[in-house]
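Dear colleague,

I am handing over the structure we spoke about, and below it you will find an account of what came out of going through it. Please read the notes with the structure open beside them.

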Amino acid sequence: MRNKGKKILGLTLATLLLGSTMSLAGCGSNSYKGDKLTPGYVSDAEVTSNGGFLVEKGEYVYFINGVEGYTAKNKYGKVVKGALMRISKTELNGLLNGEDVEAQIVVPSLFVQERQQSGIYIYGDYVYYATPTTDTDDKGNVENSWIDVKRAKIDGSEAPMKGEYLQRSSATTTVKRFVTVDGVDEDDDGELDVFCLYEENGSLKSYNTATDKKTTLVSGAKSSFFYNEADPTDPTVYYTMGVTEDADQEISNPAKYDQIYSVNAAAKVEKYDSADGQVSYTVKGGRTYSFDEDYFDDNDLSTKDYTDFPYVNLGTLVADGIGFSSQNKWTQFNNEAENWINENNEEDLTKKPLESLGFNYTIKRVANGGVYFTKTSVATAGNDADTNLYYLPTERAEDWSAIKDSNEKADVVLTDATKTYFDSALYSVKEEAGVRTHSYFYVDGNKLMTATAGANGVADEFPMAEGEKISGISLWQVKGDYLYFFGSGTNGNNVSRINATGDEADYKWYKEEYEPQTLACVDWNSSWYKPEFVGDVLLYSNAQSYGGSTAYNYIYATKVGTTEEIIAANEAYTAYTDYLAEYSTDPNTQNLIKYFFMTDGVLEQEVIDQYDETIYNQVVEKFADSNAEKLSKQKDFNVLVSRMTKSDAEEIEDGWKSVLKQPPEATVIITKLATWVIVLIVIGCALLLTAAVLTPLLIILHKKKVRRREEEATTNAYKRKKIDMTKDDTIDVYADEEAETENAEEKEE
């Protein structure tokens, strides 16, 4: 925690002095080459939980390493946050038990789709995902608002495929899911083809990653598209279509009723035909749609491209709301075998008492092996409104009647679907001896209700819990014996559960097992994917703030044990929060408590000295191992599974420095460095550098100059010496002038 001003100043000076040297050093790096992860994985191991931020394959858990924005750098090999990682289930449990375990990076690429509509999917040896493109525009700007649909090998040995399967704009396209279809292997490689289902400009489309073929499945749907809520690998999508009589004529007539369809990701057009002034396309295994050839000529449209036809639908009719009134003209969009209106407008003897003018359908959801919907009569005012919620199974016989069976074989789940709280209910279906039983949970104000549908949807229901803990919650899922739900937490959402198998008496007697229990330590990022279970371990993006007020949203794990274990953990966590609350008016002490709770760090003496000695020792003692009644630390509740980036780790460290007391010197120097001071430091460093280089050079030059002057002076002195010709003893006619000069210099020295 040392943060001395002298250190900061010293580093600044050193950086400036080394600037010219560092600028000469290269900063290039080698391109990433994947290394096969050890140990390996079992290629044909079972895959579960496709579609979220986490997928299980055999012994391994693959997960997106925290929340990263789509504008982050997406250089392959350099990505850590937002990359794909893996950890074995054994290592995950070891991590929760305090073992030193580190998850491995599998694909160091950014696993980010801006809207988090579709997560990761693993099929065979590959993970399929969406990532922000690294392509640039003509100005060199990365166009990361576009996403690339790719795949990469899950043993880490191969980089993602070159290019992409699809490149989609997040403004117009939503990638929904990756699916396989039983029996579909169009490239004959022995593996089921993987399809990408996506929506674009209101149309539902499918892309076969094995054959590189794009197919428009539906265009012009009346409703939104509905996908299986519980199973993201389900290739079937539901929607409603309007019926237009004379769709290929100048004057068309939209019918007042509509229809429910389902379409498969592998659906396609089988053939085109042209005869007797009519052109048509035939859906493989389905119906043929035929239209007037003049329509195409008049509108300059292709008769060999079904997407140019006035009706684009490769789906199968599930429920037909035509009714039996002669006012409803029979069309090619209705099944001929079900024509209950003969040429004389007489009622067919096989008809059932359906609504005369027909129905409009509203799909509510696709779940539990079927589609839930309501229907509204097209009848005149005065008739009783149908408020039931219906259910039709996905599995239907080949001779399915879209009129008769869709009414007779539809279960009534509840009788008043107009109540909005049923839209967020959780439904389940059990089937015994061919009889389906529907149960559901819903929240009505501050009451959590459980209900079982009886005959004609009349429910046997009672409250499981009520009060403050229920108000504002969202139901999540049923896992094992427990119903899980969540509400608002500190920064995100919490997680709660209640045993859902009890009878009315169990909930009335306030047994702990049949009361809502909230996991006190969990606070997950509500703007990202929902948490996921691996056995009894819950993994989630942690919205808890560290070192101040920032949440870094990495993946954490906590073990969800028995009700008794949850209660014990909550009591331990509450002991910490109660102690924190004792200093609600003293943020300095609160931050000190948080530091010791969240970290195993050791403060330096100069930081310790800033606190009241009694308070500081008390806080330390609260978390000391020697204390028999010590407070639990965060690692006792949840642990980091992700690998954190160096920059985030440094930010957290700096965050702690900003909230913990620091020596005055550090505060003064860090906060007082104005721009003019920095300028002076730079100038001073430059002058110091110049002086350091020039001063030795000037000294050497000066010494040489002095020596040269002395030599010249001595030589000239001998040359100017006068000879006395009157005295023979002063004259040496054989004298050597250079020798004389050398001797003279030796004497002087």
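**Findings, beginning with helix H2**

The elements that cover the buried residues of H2 include strand E4 (84-88), strand E33 (532-534), strand E34 (537-541), strand E37 (555-559) and strand E38 (639-640). Please keep in mind throughout that this is a predicted model. The helix itself spans residues 89-96, and its buried residues are Leu-92, Gly-94, Leu-95 and Leu-96. After H2 comes Gly-98, which has a positive phi, near 90°.

Two further helices each hold a buried polar residue that I looked at individually. Asn-591 belongs to helix H7, which covers residues 587-598, and Asn-591 counts as buried because its relative accessible area of 17% falls under the 20% cut-off. When neighbours within four places in sequence are set aside, the contacts of Asn-591 are Trp-656, Val-659 and Leu-660.

Asp-405, for its part, sits in helix H4, made up of residues 404-408. With a relative accessible area of 9%, Asp-405 is likewise under the 20% limit and is therefore classed as buried. Not counting residues up to four places away in sequence, Asp-405 touches Leu-392, Asp-399, Trp-400 and Ala-410.

Turning to the surface, is Glu-250 buried or exposed? Its relative accessible area is 84%, and since anything over 50% is called exposed, Glu-250 is placed in that class. Glu-250 is located in the loop that runs between strand E14 (236-245) and strand E15 (253-264). Together with Asp-294, Asp-297, Asp-298 and Asp-300, Glu-250 forms a patch of negative charge on the surface.

As for the chain as a whole, its secondary structure amounts to 13 helices and 38 strands. The protein chain has 749 residues, of which 45% count as buried. Among the contacts in the protein chain with a separation of 6 or more, 55% are between residues 24 or more positions apart. The area that the protein chain exposes is about 40300 Å², and 47% of that area is supplied by carbon and sulfur atoms.

If you have time for a single comparison while viewing the model, you might set Asp-405, which is buried, beside Glu-250, which is exposed.

With best wishes

Definitions and conventions: Residues numbered from 1 in each chain as written. Predicted model: local features only at pLDDT ≥ 70, side-chain atom pairs only at ≥ 80, totals over all residues. Heavy atoms only, no water. Patch = residues over 30% accessible without salt bridge, like charges linked within 9 Å, V, L, I, M, F, W, Y side chains within 5 Å. Areas by Shrake-Rupley, 256 points an atom, 1.4 Å probe, with all protein chains shown as cover. Salt bridge = Lys/Arg side-chain N within 4 Å of Asp/Glu carboxyl O. Lys, Arg positive; Asp, Glu negative; His and termini not counted. Charge placed at Lys NZ, Arg CZ, Asp CG, Glu CD. Helix = DSSP H or I, 4+ residues; strand = E, 2+ residues; numbered from the N terminus. Buried < 20%, exposed > 50% of the residue type's maximum accessible area, 1.4 Å probe, protein only. Contact = heavy atoms within 4.5 Å.
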